[in-house]
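This briefing covers a protein chain together with its metal site. The points are grouped by topic.

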Amino acid sequence: MTALAGATIVRECRICAGPLMPVLSLGSTPLANAFVRPEWIDEPEPQYPLRVVRCADCQLVQLDVVVDAELMFREYAYTTSASPPMRQHFEQVARDLVARAKARGKLVVEIGSNDGVLLAPLAREGARPLGIEPAHNQADVARERGLETWSEFFGPSVAERIVETKGRAALVIANNVLAHMADLRSVARALAALLDDDALFVAEVPYLIDMLDGVEYDTIYHEHLSYYHLAPLQRLFASADLEVVDVERLSTHGGSIRIFVGHAGRHRRSERIQQLLTDERARGLANGEPYERFAEQVDASRAALLQLLGDERTRGARVAAYGASAKGNTLLNFCRIGADALLYVADTTPYKQGTLTPGMRVPVVAEGALDSDPPDLLLLLAWNYADQILPRLRDRFRGRFIHPIPVAHIIE
Ligand code: DWN
Ligand code: ZN
């Protein structure tokens, strides 16, 4: 490990300690959720190298620059409830998982519970939910809603305290948070201690294969330390005598997998595990070729987006963006698209409105700007919700959309 102010450079794989090989560099960027408030505009924004590497042994794709978790997650702009599709998604997740884990009346722990978007439906399904959420601002919102939440980073000592005070859990859930965790092996050990004998750990993580296929380079930012496929996850959980027993593919966040994990030997193992492992092997990830292709596609994607924006501006089009997502900030910074090219970014999250995007400093505004200052084109920075956003915005926005990936294209 090597020090860098506010960050650490790691030299070995976070799952198996194997050697790391380069995949792609996206330059240096500020933190993707570090929206700049007006009173901070004269302050420098810390930037950190955004470098993707892969393990030569277990093949985990990961970042080798790890920004301190305290800097990224204690105060957190991303508010899950601000995205209506995620609210619906988590209603369904609560119904399905409480039934599958037979968790009615039992302790269900959610790691990374944000503003309680899943804790609330878990309670309605009759479980006894406990949220673990390091971001004080988000944990406060959940507590105000009457949802018990501890403002902590999950790990062995938190697991121990939960077991001491509440017993072991029937179900532990971690959605879109395993990618944020640096010390994966101690998290796996903590899960082993927290799970009851026949309990399940269920996690949703963005899927590496979907990122590669969709050229979703914008999902790379410092919060996302790992870009998972199933094979390295299996190895991680085996290190704590846990076993991945089922897997599903999901469309959320540009393509994710949901893994089901239990104590080794306690559950029937789904055939879907072997199928997905076979598919993954057929990709030839170990020979590096898919990553070389990805790096070329990323450069081509940036060039195509800049060309399209340049052509439209030459024609006099007024362009704004929609969805001040974290991934949008990777995209804007990597492509160097700033306030000279975009009027604003409209977003439903009150916390982000009135700020500037990190790095490129485009003003973030409420959706009302689409009426008061209508653009001709909207660059979709939350393309993962295109199917929901486009029909909804049609009432108030008559212009065209730019969908930035895999290759920038216009949607009329
Ligand atoms: O892991 C992470 C993922 C899951 O969520 C985090 N590290 C941070 C976050 O990533 P993101 O910010 O790229 O996620 P979203 O969900 O794509 O962000 C969408 C943004 O767009 C939010 O700021 C909300 C906003 N939005 C909107 O303005 N109108 C979203 C919808 C659906 C809308 O209709
Ligand atoms: Zn490894």
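D246 and R100 form a salt bridge in this predicted model, with 3.0 Å between the closest N and O atoms. The two partners are 146 residues apart, D246 in strand β13 (residues 242-250) and R100 in helix α2 (residues 84-100), and the pair links distant parts of the chain. D246 has a relative accessibility of 5% and therefore counts as buried, the limit being under 20%. R100, at 39%, counts as partly exposed.

**Other salt bridges**

- The count of salt bridges comes to 28.
- E248 pairs with R258 in a salt bridge whose closest N and O atoms are 2.7 Å apart.
- Because E248 lies in strand β13 and R258 in strand β14 (residues 256-263), this salt bridge ties together parts that are ten residues apart in sequence.
- E248 is partly exposed at a relative accessible area of 21%, while R258 is buried at 9%.
- The cut-off explains the two labels: buried means under 20% relative accessible area, and partly exposed covers the range from there up to the exposed class, which is over 50%.

**The network around R396 and D371**

- R396 forms a salt bridge with D371, and the closest N and O atoms are 2.7 Å apart.
- This pair links distant parts of the chain, 25 residues apart: R396 sits in the loop between α13 (386-393) and β19 (400-403), and D371 sits in helix α12 (residues 369-372).
- R396 has a relative accessible area of 32% and is partly exposed.
- D371 is partly exposed too, with a relative accessible area of 43%.
- R396 and D371 belong to a network of salt bridges that also links E367 and R392.

**Zinc site**

- Four cysteine sulfurs, the SG atoms of C13, C16, C55 and C58, are the protein donors of the zinc ion (ligand 2), at 2.3 to 2.4 Å from the ion.
- The angles among the four donor atoms run from 94 to 117 degrees, and the site is tetrahedral.
- Since four donors count as tetrahedral if all angles lie between 85 and 135 degrees, the angles at this site meet the rule.
- Along the chain, the donors of the zinc ion (ligand 2) follow the spacing C-x2-C-x38-C-x2-C.
- C13 and C55 link distant parts of the chain, being 42 residues apart: C13 is in the loop between β2 (7-9) and β3 (20-29), and C55 is in strand β4 (residues 48-55).
- Both C13 and C55 are buried.

**Whole chain**

- The chain contains 13 helices and 20 strands.
- The radius of gyration is 21 Å, which agrees with the value near 22 Å that a compact globule of 412 residues would have.
- Taken along the principal axes, the C-alpha atoms fill a box of roughly 65 × 50 × 40 Å.
- Of the 412 residues in the chain, 59% are buried.
- Among contacts in the chain with a separation of 6 or more, 69% are between residues 24 or more positions apart.
- The chain exposes about 16,600 Å², and carbon and sulfur atoms supply 50% of that area.

Note on methods
Residues are numbered from 1 along each chain as its sequence is written. Chains are lettered from A and ligands numbered from 1 in the order in which they are written. This is a predicted model: local features need pLDDT of at least 70, side-chain atom pairs count only at pLDDT 80 or more; totals for chains, interfaces and linings use all residues. Side-chain values use heavy atoms; hydrogens and water are left out. Donors are N, O and S atoms within 2.8 Å of the metal (3.2 Å for Na, K and Ca); water is not among the atoms, so sites may look incomplete. Four donors count as tetrahedral if all angles lie between 85 and 135 degrees; four count as square planar and six as octahedral if opposite donors are over 155 degrees apart and all others between 65 and 115; anything else is irregular. Helices (H or I, at least four residues) and strands (E, at least two) are DSSP runs, numbered from the N terminus. Buried means under 20% relative accessible area, exposed over 50%, partly exposed in between (1.4 Å probe, protein chains only). The radius of gyration is taken over C-alpha atoms; the globule rule is 2.2 Å times the number of residues to the power 0.38. Contact means heavy atoms within 4.5 Å. Accessible areas come from the Shrake-Rupley method with a 1.4 Å probe; for residues, only the protein chains shown count as cover. A salt bridge is a side-chain nitrogen of Lys or Arg within 4 Å of a carboxyl oxygen of Asp or Glu.
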